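Reader: I would like a close look at how the two helices pack against each other. Please take that contact as the starting point and then work outward to the core and the loops and strands around it.

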Amino acid sequence: MRKSKEETSEDEIRLSNKGYVQSYMAYGARQLLEKKLGAIKLKASGQAISKVCYVADVLRRRIKGLHMQQILSNIKIEDEYEPKEEGLDRVVIERVLTVFEVVLALDISKVDVNHYGYQAPLPEEDVK
């Protein structure tokens, strides 16, 4: 039984382990600079978490004045398996996934500066 994927908003980018880092960086930069969104959210879980860190770091070093907030959370996922033979019960397995989210914002009002995961923009001489 396939579950439908949740719709994402325009400012949210979900990274997967199969996607290309360059594509995520280009899309994120386009959302911030061309579409003039005040902030974008990069989200991933599992092995794709390292990609979020890499993409966020590169974007911070390329776009001046980018505030960053890192959020770590957990979600519960239920996997449901249908039996192949009649007379057997469905099996439901509950898993807990760690989700890493990075908010990159040109507008400081889009991030919580008092959050423990907040990082101020890099000095301008460090941005190319």
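Author: The crossing of α1 and α2 is right-handed. This is a predicted model, and in it α1 covers residues 21-33 while α2 covers residues 49-62. Their axes lie 10 Å apart and make an angle of about 45°. Angles from 65 to 115 degrees would count as roughly perpendicular and those under 35 as roughly parallel; the two helices are therefore oblique to each other.

The contact itself can be read from both sides. From α1 come V21, Y24, M25, G28 and A29, and these meet K51, Y54, V55, V58 and L59 of α2. Sorted by class, the residues in this contact are eight nonpolar, one polar and one charged.

Two of the α2 residues in that list, V55 and L59, also appear among the best-connected members of the largest nonpolar core. That core has 23 residues, and those touching the most other members are L15, I40, L42, V55, L59, V102 and L104. Two or more of its residues come from each of α1, β2 (39-45), α2 and β4 (91-105). V55 shows how the helix contact runs on into the core: leaving out residues up to four places away in sequence, V55 touches V21, Y24 and M25, and also L15 and L42. A separate core of five residues lies apart from the largest one, and A39, V103, A105 and V111 are among its members.

Next come the loops around the helices. Y20 sits in the loop between β1 (12-14) and α1. With a relative accessible area of 61%, Y20 is exposed. Its C-alpha atom is 12 Å from that of Y54, a residue 34 places away along the chain. Y54 is itself one of the α2 residues that meet α1.

K36 belongs to the loop between α1 and β2. Its phi is positive, at about 60°, although K36 is not a glycine. K36 is also exposed, with a relative accessible area of 65%.

K64 lies in the loop between α2 and β3. Leaving aside neighbours within four places in sequence, K64 is in contact with L106, E124 and V127. The C-alpha atoms of K64 and D89 are separated by 56 Å, although the two residues are 25 apart along the chain.

The loop that holds K64 leads to β3 (residues 67-81), and M68 is in that strand. M68 is buried, at a relative accessible area of 6%. Not counting residues up to four places away in sequence, M68 touches A56 and R60, then V102, V103 and L104, and finally G117, Y118 and Q119. Among these contacts, V102 and L104 are well-connected members of the largest core, whereas V103 belongs to the core of five residues. Between M68 and A48, 20 residues apart in sequence, the C-alpha to C-alpha distance is 18 Å.

The last residue to consider is V91, which is in strand β4. V91 counts as partly exposed, at 43% relative accessibility. With residues up to four places away in sequence left out, V91 touches D79, E80 and Y81. For V91 and D79, which are 12 residues apart in sequence, the C-alpha to C-alpha distance is 8.1 Å.

Note on methods:
Residues numbered from 1 in each chain as written. Predicted model: local features only at pLDDT ≥ 70, side-chain atom pairs only at ≥ 80, totals over all residues. Heavy atoms only, no water. Axes fitted to C-alpha atoms, helices over the stretch in contact; angles between N-to-C directions. Helix = DSSP H or I, 4+ residues; strand = E, 2+ residues; numbered from the N terminus. Parallel < 35°, antiparallel > 145°, perpendicular 65-115°, else oblique. Left-handed = near helix turned anticlockwise from the far one by under 90°. Contact = heavy atoms within 4.5 Å. Nonpolar A, V, L, I, M, F, W, Y, C, P; charged D, E, K, R; others polar. Core = buried A, V, L, I, M, F, W, Y, C linked by side-chain atoms within 4.5 Å. Buried < 20%, exposed > 50% of the residue type's maximum accessible area, 1.4 Å probe, protein only.
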